[in-house]
Amino acid sequence: MWQPCASSDPICFVCRCPKCMELKLPREGASFCTQDCFKASWSSHKSVHLKAKLSSFGTGTPHEQNSDLLNEGWLYCLKKGQARTPKLPHFDWTGTLRPYPIAGRRVVPAHIKHPDWAVDGIPKIEPNSDLQHVVEIKTVDQIERMRETCRIAREVLDAAAHVVRPGVTTDEIDRVVHDATIAAGGYPSPLNYHFFPKSCCTSVNEVICHGIPDARTLEDGDIVNVDVTVYYKGVHGDLNETYFVGNVDEESQRLVRCTYECLEKAISIVKPGVRFREIGEVINRHASMSGFSVVKSICGHGIGELFHCAPNIPHYGRNKAVGVMKAGQTFTIEPMINAGVWRDRMWPDGWTAVTADGKRSAQFEHTLLVTQTGVEVLTARLPSSPHVFPWLNA
Ligand code: MF3
Ligand code: CO
Ligand code: CO
């Protein structure tokens, strides 16, 4: 049964047109009675998006993120593919980071199995699946495939970690992720997912998540999260880590370490019978103890043959997540912790989530399997993983 969902997660596309959500268009007209209805009306509905952008040209005010979307510089995402023009759109930037040009689309060889969004940017199975409401218990075969895929995803992320240093562009990190993924026989799941233009997310400093790899070079003192998802043997594996670029100030080191610990503490409670809503309690306790805040609008998610599905896993305290963990379930935990306020804003590109106060944000993510006795971290670090976190060195 289709139901309206209450999630504000921009990745929760169950009942609204994802493009309308990106454009922050009103729910009326962006909601559909069923997913079939949405699919059937797509060819006519999509003109709404272009119209919305055109009619909002020049009318933006600092307090209306939704209406300052149109600016020639940002039409790239609608019209020209993915070039960002040198002229920046009007936006009350929350911090010092700015968008840079995005390079052209990378190619995945035809012999690699593509997810259904690869061609036209629209996931078709995912939003219509019962698995948006029911948490799947994976079969032995599915679990075995997830182990393989998650291990590849880990190796791909480790390859990316090796090239992080001052002077490297986030687009270069994307190239490493893309090439390592296809070398392993996988498809980089983000590529063309709801039109996302790149093969991974790179989120620098005040970017919370979903940063688009671009021509900006990393600077000494930056922090950068690299989020990798691989599609291989029909299943997805999803993980991310936040890295230090050169010498980073102590407050940022504390933020990144605290975020790492939030994920570790959350994982430590995972076992059959535990309520999903407990995860947010553990994370909130540790983050607030350190004087940091927890992002609310983006959540962990079920994963498997679908990239994003039930359960929805908020990372903040006093959340209303439903259900208890059962052996055989697979999901991510991916807390985003902010140095300042918890609130996020979105850049006019429709993807980049930044902190409302421009202070820094860190994130770590694992894909997990609930076992009879506890948890298996499918994307766990390997003996070969680079030693980039001082607190892990004995
Ligand atoms: N990997 C992200 C997650 O953890 C999702 C990225 S979707 C993209 O859920 F389209 F932004 F790439
Ligand atoms: Co995820
Ligand atoms: Co991810």
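This report walks through a predicted model of a protein with bound cobalt ions.

## Overall build

The protein has 394 residues, and 59% of them count as buried. Its secondary structure comes to 8 helices and 15 strands. Contacts across the sequence matter for the picture that follows. Among contacts with a separation of 6 or more, 70% join residues 24 or more positions apart.

The protein exposes about 16,300 Å². Carbon and sulfur atoms supply 55% of that area.

## The cobalt ion (ligand 2)

Which residues coordinate the cobalt ion (ligand 2)? They are Asp238 (OD), His301 (NE2), Glu334 (OE) and Glu365 (OE), at 2.0 to 2.3 Å. Along the sequence, these donor residues follow the spacing D-x62-H-x32-E-x30-E. Histidine 301 lies in strand β7 (residues 300-302). Glutamate 365 lies in the loop between β13 (361-363) and β14 (366-370). The two therefore tie together parts that are 64 residues apart in sequence. Histidine 301 and glutamate 365 are both buried.

The site has 6 donor atoms, with angles of 52 to 164 degrees among them. It is irregular. For reference, ideal angles are 90 or 180 degrees for six octahedral donors.

## The cobalt ion (ligand 3)

The cobalt ion (ligand 3) takes its protein donors from Asp227 (OD), listed twice, Asp238 (OD) and Glu365 (OE). They lie 2.0 to 2.4 Å from the ion. The sequence spacing of the donor residues is D-x10-D-x126-E. Around this ion, 6 donor atoms subtend angles of 58 to 170 degrees, which makes the arrangement irregular.

Where do the two aspartates sit? Aspartate 227 is in strand β4 (residues 223-232), and aspartate 238 is in strand β5 (residues 235-244). The pair therefore ties together parts that are 11 residues apart in sequence. Aspartate 227 is buried, with a relative accessible area of 10%. Aspartate 238 also counts as buried, at 3% relative accessibility.

## How the two ions are linked

How far apart are the cobalt ion (ligand 2) and the cobalt ion (ligand 3)? The distance is 3.3 Å. Aspartate 238 coordinates both ions. Glutamate 365 appears among the donors of ligand 2, and it appears among the donors of ligand 3.

## Glycine 237 and threonine 149

Next to consider is glycine 237. This residue is found in strand β5. Is it buried or exposed? Glycine 237 counts as buried, because its relative accessibility is 0%. Beyond its neighbours within four places in sequence, glycine 237 is in contact with Thr149, Cys150, Ala153, Val228, Thr229, Val230, Ile303 and Thr367. Its C-alpha atom is separated by 9.6 Å from that of glutamate 305, 68 residues apart along the chain.

Threonine 149 is found in helix α5 (residues 140-163). Threonine 149 is buried too, with a relative accessible area of 0%. Not counting residues up to four places away, threonine 149 touches Val230, Tyr232, Val235, His236 and Gly237.

## Helix α6

Helix α6 runs over residues 170-183. At 1.5 Å a residue, its 14 residues should span 20 Å. The end C-alpha atoms are 20 Å apart, which agrees. Glycine 185 follows α6, with a positive phi near 90 degrees.

The buried residues of α6 are Thr170, Asp171, Ile173, Asp174, Val176, Val177, His178 and Thr181. They pack against α5, β1 (187-188), β2 (201-204) and β4. Strand β4 is also where aspartate 227 lies.

## Helix α8

Helix α8 covers residues 277-289. Its 13 residues should span 18 Å at 1.5 Å a residue. The end C-alpha atoms are 19 Å apart, which agrees. In α8, Ile279, Gly280, Val282, Ile283, His286 and Ala287 are buried. They cover an arc of only 160 degrees around the axis, which puts them on the same side of α8.

What does this buried side pack against? The partners are α7 (250-268), β6 (293-294), β8 (309-313), β9 (330-333) and β10 (336-338). The face turned away from the buried side carries the exposed residues Arg285 and Met289. After α8 comes glycine 291, whose phi is positive, near 85 degrees.

Key: Residues numbered from 1 in each chain as written. Chains lettered and ligands numbered in written order. Predicted model: local features only at pLDDT ≥ 70, side-chain atom pairs only at ≥ 80, totals over all residues. Heavy atoms only, no water. Helix = DSSP H or I, 4+ residues; strand = E, 2+ residues; numbered from the N terminus. Expected span 1.5 Å × (residues − 1). Buried < 20%, exposed > 50% of the residue type's maximum accessible area, 1.4 Å probe, protein only. Arc of directions from axis to C-beta. Contact = heavy atoms within 4.5 Å. Areas by Shrake-Rupley, 256 points an atom, 1.4 Å probe, with all protein chains shown as cover. Donors = N, O, S within 2.8 Å, 3.2 Å for Na, K, Ca; no water. Tetrahedral: all angles 85-135°; square planar, octahedral: opposite > 155°, others 65-115°.
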